[in-house]
Amino acid sequence: MSKAGVVLTGGGARAAYQVGVLRAIADMYPDWSHPFRVIIGTSAGAINATAVAGNRGLFRHNIDHLEKMWSELTMDRVFRADTISLMRSFSDIARKLISRPIESGPVSFLNNSPLRKMLEQEIDFESIRNTIRDGHIDAVGLNACGYASGQNVCFFEGAEGLQGWSVGQRGGTRTELAIDHIMASAAIPTLFRPVKINREYFGDGVTRQMAHISPALRLGAQKVLVIGVSANAMCPPVRQDKPGMPTLTQVLAHVFNGMFLDTMDYDIDRSRLINRLLALIPEERLKESGLDLSPVDILEISPSEPINEIAMKYVDAMPLVLRRLTGASDSTAFTGANLASFLLFDKRFCRDLIKLGYRDGQSHARQIERFFAKEA
């Protein structure tokens, strides 16, 4: 049986969608313990990855715990968004911008220390180690980007024999996973504070990540389920007749989309192209070439509805200052919810995304069954 891997991408609050897809899989296979041998998480997907890798008896029990966490989520459990905290952050940024570099240190617009406290309560790393030790899974990897080296690193914990790697700006390092690795992977650039791991500060794993699927393959996966948070396929670009000067929030929204959404779409397209090219090469010629390449079965499940439309219903949960900063105030255009959706850690929004993910998982039931079939 081919080893199945799962790749859980980043996207802030949008990652609640992944929980719904995983719930659909858990309901399809209620007696399974660990359907994925390799689990890779990036940004908010790193939180989901560690929860999936836990040792709660059955896969559906892990998803029960994860769904409860997201369904009860509030912004104050992730970051401090009250006016006083925001003003303190802004003044701290201004002070450090005019200070000497040696005194500057890491800065961020939001204080996400509440997220650390929540993760300390929700994530059991010893349980993950037991799962690996008992042979239920082979590896768990969390992606983060080093701000000094510019290298995107997959910090992984796994079975004996798995080796790290370094290929250009991408690397893999065996380690003992901890809260710092999740916090680093989920540290959205400029919004959340980078985290120091060993000698370097690390931030969000989507930064400079152009090969999202690669870590899963390097850690032994032979087929990969990718649960994205992009509805790009459902939302074709719309050109206005007379577009005005873009606002700062519109520009930032496109930057965020480029990091969190577009690179994953590109990686999947590239992987499928490689599969098609390999199918054209006779097996004996491939062996003669010495290239260690083989087709990879990739199943992608992404939102079937625009997440912006869902987010628009719940932007009132954000403090006014934050709504203004993200362009989601009542007077702005619909596109303002794009940036806000990454920070909308509101239980109503998350529950709607979970429901959408569940429906999409159910609609992919046949593809999921083929994916988990004994023959690759």
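Colleague: Helices here are DSSP runs of H or I with at least four residues, numbered from the N terminus. With that settled, where is L280?

Modeller: In this predicted model, L280 is in the loop between α10 (248-279) and α11 (283-289).

Colleague: Is L280 buried or exposed?

Modeller: L280 is exposed, and its relative accessible area is 70%. The cut-off for that word is over 50%, so at 70% L280 qualifies.

Colleague: Which residues make the nonpolar patch there?

Modeller: L280 makes it together with L273, L277 and I281, and the patch covers about 390 Å².

Colleague: How much surface does the chain expose?

Modeller: About 17,900 Å², of which carbon and sulfur atoms supply 53%. Of the 376 residues, 54% count as buried.

Colleague: And the overall make-up, how many helices and strands?

Modeller: There are 16 helices and 10 strands in the chain.

Colleague: What share of the contacts is long-range, say at least 24 apart?

Modeller: 76%, taken among contacts between residues at least 6 apart in sequence.

Colleague: Changing topic. How many cavities of 30 Å³ or more turn up?

Modeller: Three, from a search of the whole structure. The largest cavity holds about 130 Å³ of space.

Colleague: Which residues are closest to the centre of the largest cavity?

Modeller: A44, I47, V78, L115 and F345, out of the 14 residues that line the largest cavity.

Colleague: Which elements give two or more residues to that lining?

Modeller: Three helices do so: α2 (44-52), α3 (59-71) and α6 (113-122).

Colleague: How many residues of α2 are buried?

Modeller: Nine of its nine, so I would call α2 mostly covered. The buried residues of α2 include A44 and I47, and both A44 and I47 are among the residues closest to the centre of the largest cavity. The polar side chains N48 and T50 of α2 are buried as well.

Colleague: On to charges. How many salt bridges are there?

Modeller: The structure holds 16 salt bridges. D138 is a good place to start, as D138 pairs with K3, with the closest N and O atoms 3.0 Å apart.

Colleague: Where do D138 and K3 lie in the chain?

Modeller: D138 is in the loop between α7 (125-133) and β3 (139-146), whereas K3 is in the segment before β1 (4-8). The two are 135 residues apart, and the pair links distant parts of the chain.

Colleague: Is D138 buried or exposed?

Modeller: D138 is buried, with a relative accessible area of 9%. Its partner K3 is partly exposed, at 35%.

Colleague: Which other residue forms a salt bridge with D138?

Modeller: R37, where the N to O distance is 2.7 Å. R37 lies in the loop between α1 (16-28) and β2 (38-42) and D138 in the loop between α7 and β3, so this pair ties together parts that are 101 residues apart in sequence. R37 itself is partly exposed, with a relative accessible area of 25%.

Colleague: What about D346, what does it meet in a salt bridge?

Modeller: R348, at 3.0 Å from N to O. D346 is buried, with a relative accessible area of 11%, while R348 counts as partly exposed at 32%.

Colleague: Which residues are linked in a salt-bridge network?

Modeller: E126, R129, R133, E157 and E176.

Colleague: Back to the loop that holds R37. What is P35 in contact with, beyond its sequence neighbours?

Modeller: Leaving aside residues within four places in sequence, P35 is in contact with A4, F59 and F372. P35 also lies in the loop between α1 and β2.

Colleague: Buried or exposed, P35?

Modeller: P35 is buried, with a relative accessible area of 11%. The C-alpha atoms of P35 and F59 are separated by 7.4 Å, and these two residues are 24 residues apart along the chain.

Colleague: One last item. Where is S85 found?

Modeller: In helix α4, residues 83-98. S85 counts as buried, at 12% relative accessibility.

Colleague: How far is S85 from N111 in space?

Modeller: 7.6 Å, C-alpha to C-alpha, with the two 26 residues apart in sequence.

Methods. Residues are numbered from 1 along each chain as its sequence is written. This is a predicted model: local features need pLDDT of at least 70, side-chain atom pairs count only at pLDDT 80 or more; totals for chains, interfaces and linings use all residues. Side-chain values use heavy atoms; hydrogens and water are left out. Buried means under 20% relative accessible area, exposed over 50%, partly exposed in between (1.4 Å probe, protein chains only). Contact means heavy atoms within 4.5 Å. Accessible areas come from the Shrake-Rupley method with a 1.4 Å probe; for residues, only the protein chains shown count as cover. Patches are made of residues with over 30% relative accessible area and no salt bridge: like charges are joined within 9 Å, nonpolar side chains (Val, Leu, Ile, Met, Phe, Trp, Tyr) within 5 Å. A salt bridge is a side-chain nitrogen of Lys or Arg within 4 Å of a carboxyl oxygen of Asp or Glu. On a 1 Å grid over the protein atoms alone, a cavity is a set of points where a 1.4 Å probe fits but cannot get out, and a pocket is an open set with protein on both sides within 12 Å along at least five of seven lines; lining residues have an atom within 4 Å of a point. Grid points are joined across faces, edges and corners, and a volume is the space filled by probe spheres set on the points.
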